[in-house]
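Here are my notes for a first look at this one. Keep the viewer open and go through the points in order.

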Amino acid sequence: MIKQQLVFGKGNAKLDSFIRTYSMPAAYTCPSANLCQSFANRETGKITDGKNTLWRCFAASSESIFPNVRQSRWNNFELIKSCKTIGKMVALIQSSIPNNTTYIRCHVSGDFYNEMYFRAWLLVAKNNPAIIIYGYTKQIHFLVKYKKQLPSNFRFTASYGGKYDVLIKKHKLVSAKVVYSVNEADAAGLEIDHDDSKAIEHKRPFALLLHGRMAAGSEASIAISKLRKAGYIGYSNKNESRNHSSYTVLTPLKFTMRKNGIQQLTLA
Ligand code: SF4
């Protein structure tokens, strides 16, 4: 039976528990995914990669392993799709946000599958200026189209590896690139975001270190082996709240309370 409220997760192993997470099925809700595209079958969990996949979507791997994760994400998607107007979508999202939420990591898995849904989150952000709503998107044409209307608490990083990469540089968007090694990030002049701090700050381009389970024999799989040998250990699969942006945390996040009650991100 489909639940009547969207399910939000609560933090993860690296982030404070008051960061709420929200997800939908990987790839099925990511029309612009390209190099990362992997589908976990809704019934069996079996992974199917896209024809251009270079690295396998971490979120799809989680869905493949954990049927409850799969079900929760599909429930969220079915509920959202059942809203036929933007007003209903906004009301559903708003009523599902847990009390006292100050940060939402939106789409640990999934993306803005259509424009109405994008606009719904945009309205939720406008209606809730005290909540930082952040994440990644490959629906970059939406970021471009609504660029002038994005409130400061709506912080979506343009994620390379999709169908609209060409727009990122052209429109000077804050972006994230998956790298296969620390050296690759260094060569590109990008710092690696190990803990979502750069995604939340949303100021400049950064890199994300490859993680997760890759297709056997792929270049990404070889890169993962090298990273593991070098001591980079990915996050536990028990925790489904990270996808595009995670690896070994080197600098823990710390939150302090401002006088106005909004939590302020700092680095510990
Ligand atoms: S990496 Fe992101 S955009 Fe790509 S398929 Fe997974 S959830 Fe979708």
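1. A word on terms before the ligand comes up: a residue counts as near a molecule if its C-beta atom, placed from the backbone, lies within 6 Å of it. By that rule 14 residues surround the ligand, and the closest are Ala26, Cys30, Ala33, Cys36 and Cys57. Sorted by type, the shell around the ligand has seven nonpolar, five polar and two charged residues. Bear in mind that this is a predicted model.

2. Now the overall picture. You'll find nine helices and eleven strands in the chain. Of its 268 residues, 44% count as buried. If you take the contacts between residues at least 6 apart in sequence, 60% of them join residues at least 24 apart.

3. Have a look at helix H1, residues 58–65. How many of its eight residues are buried? Seven are, so to speak the helix is mostly covered. The buried ones are Phe58, Ala59, Ala60, Ser61, Ser62, Glu63 and Ser64. The cover over these buried residues includes strand S3 (38–40), strand S4 (47–49) and helix H2 (67–81).

4. Next, the sheet. Seven strands make up an open sheet with mixed pairing, and the order is S1-S2-S5-S6-S7-S8-S9. Why do S1 and S9 each have one side without a neighbour in the sheet? Strand S1 (8–10) and strand S9 (206–209) stand at the edges, and each has a single partner strand, so one side is left free of a neighbour there. On average, neighbouring strands of this sheet are turned by 30° against each other, with direction ignored.

5. You can follow the pairing strand by strand from S6 onward. Strand S6 (residues 132–137) runs parallel to strand S7 (residues 154–159), and five bridges join them; Tyr134 stands opposite Arg155 in S7. S7 and S8 also pair in the parallel sense, over two bridges, and here Ser159 stands opposite Ala176 in S8. Ala176 in turn stands opposite Phe206 in S9. Strand S8 (residues 175–179) pairs with S9 over four bridges, in the parallel sense, and Val179 has Leu209 as its bridge partner in S9.

6. Stay with S9 for a moment. Are its faces covered or not, and by which residues can you tell? Both faces are covered: Phe206 and Leu208 are buried on one side, and Ala207 and Leu209 are buried on the other. As a general point, side chains in a regular strand alternate between the two faces of the sheet.

7. Helix H9 (residues 219–229) belongs in the same conversation, since its buried residues pack against S9. Those buried residues are Ala220, Ile224 and Leu227. They span an arc of only 60° around the axis, which puts them on the same side of H9. The general rule behind such a pattern is that an α-helix has 3.6 residues a turn, so residues three or four places apart point the same way. Turn H9 around and you'll see Ile222, Ser225, Lys226 and Lys229 exposed on the other side. After H9 comes Gly231, which has a positive phi, near 100°.

8. Two loop residues are worth a click. Start with Ile97, in the loop between helix H3 (86–96) and strand S5 (103–106). Why does Ile97 count as partly exposed? It has 18 C-beta neighbours inside 10 Å, and a residue needs 20 or more to be buried, while 12 or fewer would make it exposed. The C-alpha atoms of Ile97 and Phe8 are separated by 7.1 Å, although the two residues are 89 residues apart along the chain.

9. The other one is His202, which you'll find in the loop between helix H8 (197–201) and S9. His202 is partly exposed because 16 other C-beta atoms lie within 10 Å. Which residues does His202 touch, leaving out those up to four places away in sequence? They are Tyr134, Arg155, Thr157 and Val174. Tyr134 and Arg155 are the pair that stand opposite each other between S6 and S7. From His202 to Gly135 it is 9.7 Å, C-alpha to C-alpha, with their positions 67 residues apart in sequence.

Notes: Residues are numbered from 1 along each chain as its sequence is written. This is a predicted model: local features need pLDDT of at least 70, side-chain atom pairs count only at pLDDT 80 or more; totals for chains, interfaces and linings use all residues. Two residues are in contact if their C-beta atoms, placed from the backbone, lie within 7 Å. Ala, Val, Leu, Ile, Met, Phe, Trp, Tyr, Cys and Pro count as nonpolar, Asp, Glu, Lys and Arg as charged, and the others, Gly among them, as polar. Two strands pair if DSSP finds at least two bridges between them. Axes are lines fitted to C-alpha atoms, for helices over the stretch in contact, and angles run from 0 to 180 degrees between N-to-C directions. The arc is that of the directions from the helix axis to the C-beta atoms.
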